[in-house]
Amino acid sequence: MGKVILIGAGPGDPDLLTIKAVKILRRADVVLVDDLVHPDILDHINPTARVIPVGKRGGCKSTPQAFIERLMAEEARLGKTVVRLKGGDPFVFGRGGEEREHLLAQGISVEVVNGITSGMAATTLYGIPLTHRDHSQGVIFVTGHGKDDATQPDWPALVASRMTLVIYMGMRRSNEIAQALQAAGMRSDMPVAIIQAAGTASQRGVRSTVADLPSTIARKGLGSPAIIVIGTVVDCGAALLEQDDAPRVDVR
Ligand code: SAH
């Protein structure tokens, strides 16, 4: 019996891969590769392995999750070492938890190897500490996009926590998020950083405020994949971030 290993490939920079990941890739038989994985990481894969892209980009629709899980289970039953390479960390918004449960339920052994999650890598690149004794006693990683309306984050509770907020998948709903945070009492000039495509050639980081978040995204032409970081820790990285200082047009 083989096994399935879910490996986090980190956010972009191939040098942020763990040594453990490299060792496993060198002896893998089958490797399924997600979209957000940097192409240079594929250089570590055993040259005789079968490599299967399973992402949305490159013109194809995303490979259905059920198909991916079936394929991994079949190959593992044939005695193969099957690797699923996922962006960031497999257990942070990567559905790694669901995949692991489905595979275990079919009697397949599963191992999970950490990757550096984009919320940590992106902030570090811009000199933003997620915690800092003068700013924030903790950090919350939260999705801006629940499975459905009933699973939207409890924004008032997050504001009340006064912790650094790192929002994944929040770009499309930035307007609602900014409104919800302010309605829950967050000051409108709370510093925000929007960090796009961290660790890749199209990396950008822009400073804004919670009130200006949607207009900054539009004016600066920012898009997915990006994380939104909210809290005074953002100002620690001010020197490295692009400032959103475009002249405001007063529309009256
Ligand atoms: N498991 C991944 C997250 C997958 S969800 C991780 O741990 O990073 C996809 C979301 O992750 C994107 O919508 C975006 O919010 C964030 N993301 C992924 N790669 C990113 C990158 N290079 N830069 C900024 N954000 C990124």
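Colleague: Where does Pro225 lie?

Modeller: Pro225 lies in the loop between α7 (213-220) and β10 (226-230). Helices and strands here are DSSP runs, numbered from the N terminus: H or I over at least four residues for a helix, E over at least two for a strand. Ser224 and Pro225 are joined by a cis peptide bond, with omega at about -5°.

Colleague: And what kind of model are we looking at?

Modeller: This is a predicted model, in which local features need pLDDT of at least 70, side-chain atom pairs count only at pLDDT 80 or more, and totals for chains, interfaces and linings use all residues. Residues are numbered from 1 along each chain as its sequence is written, and side-chain values use heavy atoms, with hydrogens and water left out.

Colleague: How many aromatic pairs are there in the whole structure?

Modeller: The search finds 2 aromatic pairs. In one of them, the ring centres of Phe93 and Tyr168 are 4.8 Å apart and the planes are at 55°.

Colleague: What makes Phe93 and Tyr168 a pair, and why that kind of pair?

Modeller: Rings of Phe, Tyr and Trp (its six-membered ring) pair if their centres lie within 6.5 Å; planes under 30 degrees apart count as stacked, over 60 as edge-to-face and the rest as tilted. The 4.8 Å between Phe93 and Tyr168 is within 6.5 Å, and 55° is neither under 30 nor over 60, so the pair is tilted.

Colleague: Which parts of the chain does that pair tie together?

Modeller: Phe93 is in the loop between β4 (81-86) and α3 (96-105), while Tyr168 is in strand β7 (residues 164-168), so the pair ties together parts that are 75 residues apart in sequence.

Colleague: Are these two residues buried, exposed or partly exposed?

Modeller: Buried means under 20% relative accessible area, exposed over 50%, and partly exposed in between (1.4 Å probe, protein chains only). Phe93 has 36%, so Phe93 counts as partly exposed. Tyr168 has 7%, which is under 20%, so Tyr168 counts as buried.

Colleague: Why is the pair of Phe141 and Tyr168 given its label?

Modeller: Phe141 and Tyr168 have 5.8 Å centre to centre and 80° between the planes. Since 80° is over 60, this pair is edge-to-face. Phe141 sits in strand β6 (residues 139-143) and Tyr168 in strand β7, 27 residues apart. Phe141 is partly exposed at 30% relative accessibility. Phe93, Phe141 and Tyr168 form one aromatic cluster.

Colleague: How do you know whether Arg84 is buried or exposed?

Modeller: Arg84, in strand β4, has a relative accessible area of 3%, so Arg84 is buried. The side chain of Arg84 also makes a polar contact with the side chain of Asp34 at 2.7 Å.

Colleague: What makes that a polar contact?

Modeller: A polar contact is a pair of N or O atoms within 3.5 Å; within protein, one must be able to donate a hydrogen and the other to accept it, and residues adjacent in sequence count only if both atoms are side-chain atoms. The 2.7 Å between Arg84 and Asp34 is within 3.5 Å, so the distance fits.

Colleague: Which residues are closest to the ligand?

Modeller: 18 residues surround the ligand (a heavy atom within 4 Å of it), and the closest are Asp89, Val92, Thr117, Ser118 and Ala226. A side-chain N or O atom of Thr117 is 2.6 Å from an oxygen atom of the ligand. A backbone N or O atom of Ala226 is 2.7 Å from a ligand oxygen atom. For Ala197, a polar backbone atom is 3.4 Å from a nitrogen atom of the ligand.

Colleague: Why is Arg162 called buried or exposed?

Modeller: Arg162 has a relative accessible area of 70%, which is over 50%, so Arg162 is exposed. Arg162 is in the loop between α5 and β7, and has a positive phi of about 60° although it is not a glycine.

Colleague: Where does Ile41 lie, and is it buried or exposed?

Modeller: Ile41 is in the loop between β2 (30-33) and β3 (50-53). At 0% relative accessibility, Ile41 counts as buried. Ile41 and Leu85 are 44 residues apart in sequence and 9.6 Å apart in space, C-alpha to C-alpha.
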